[in-house]
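Let's walk through this structure together, starting with its ligand and then moving on to its strands. Please have the sequence and the 3D view open side by side.

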Amino acid sequence: MSDPSEEPKKRIAICPGSYDPVTNGHVDIITRASNVFDTVIVSVVGQATRKQKALFSPEERAGFLRDATGHLDNVEVEIFTTLVVDFAAQKGATAIVKGLRAISDFEYEFEMNQLNRKLRPEIESVYVFASSDYSFLSSTGVKEMATFGGDVSDLVPASVAEALNERLKRP
Ligand code: ADP
């Protein structure tokens, strides 16, 4: 039996991703995670493992996320350069929260889930289904749209729309 006078343990989750840049789909997942966990640490990948170079620096990406989540008291934003599970452990997190859009996300996440569980079985991965409004939305798609002058203002936070316009729009 647990001692009722003891403070309940704070439930900390991390939401890892590239966030290059953050979209309204990410903000939706982060917001919903913040309703379930005591603290959510949005964790920005500082060192890309994929071949594609990021459009925004880790600091810029973290800045956009801070702007977009500033109204959520229990959300923090940090850059990390280690393994996701090691960063989670370092932060005292018990969960890794990921958003799932389509079958294509599932395959990748299924593999990562098995690998992460092998490394640190005590950290649980939790999957949140994308809202129907955002299930088509990806950072890559948004960057493509902005490159060709498409209006992305409904898809990303205002500061991101502005930065995308400045950096990508062809003359
Ligand atoms: P990754 O580099 O793993 O693709 P992203 O920065 O694209 O990371 O996204 C971080 C997390 O947010 C991932 O779990 C991804 O599946 C999820 N995600 C991205 N876009 C959406 C969206 N529109 N709706 C729900 N989840 C999303």
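Helices (H or I, at least four residues) and strands (E, at least two) are DSSP runs, numbered from the N terminus. This is a predicted model, in which local features need pLDDT of at least 70 and side-chain atom pairs count only at pLDDT 80 or more, while totals for chains, interfaces and linings use all residues. Residues are numbered from 1 along each chain as its sequence is written, and side-chain values use heavy atoms, leaving out hydrogens and water.

With that in hand, look at the ligand. The shell around the ligand takes the most from α1, which gives three residues. At least two residues each come from β1 (12-17), α1 (24-36) and β4. In total, 15 residues surround the ligand (a residue counts if one of its heavy atoms lies within 4 Å), and the closest are S18, Y19, G99, Y134 and L137.

Now for the polar contacts, meaning pairs of N or O atoms within 3.5 Å. One ligand oxygen lies 2.4 Å from an N or O atom in the side chain of S18, and a ligand oxygen is 2.7 Å from a polar backbone atom of G99. A ligand nitrogen sits 3.2 Å from an N or O atom in the side chain of R101. The protein covers 90% of the 540 Å² of accessible area that the ligand has on its own (Shrake-Rupley method, 1.4 Å probe).

Finally, follow β4 beyond the ligand. Strand β4 (residues 95-100) runs parallel to β5 (residues 124-129), and six bridges join them; DSSP must find at least two bridges for strands to pair. Within this pairing, K98 has Y127 of β5 as its bridge partner.

How values were computed
Polar contact = N/O pair within 3.5 Å; in protein donor to acceptor, adjacent residues only side chain to side chain.
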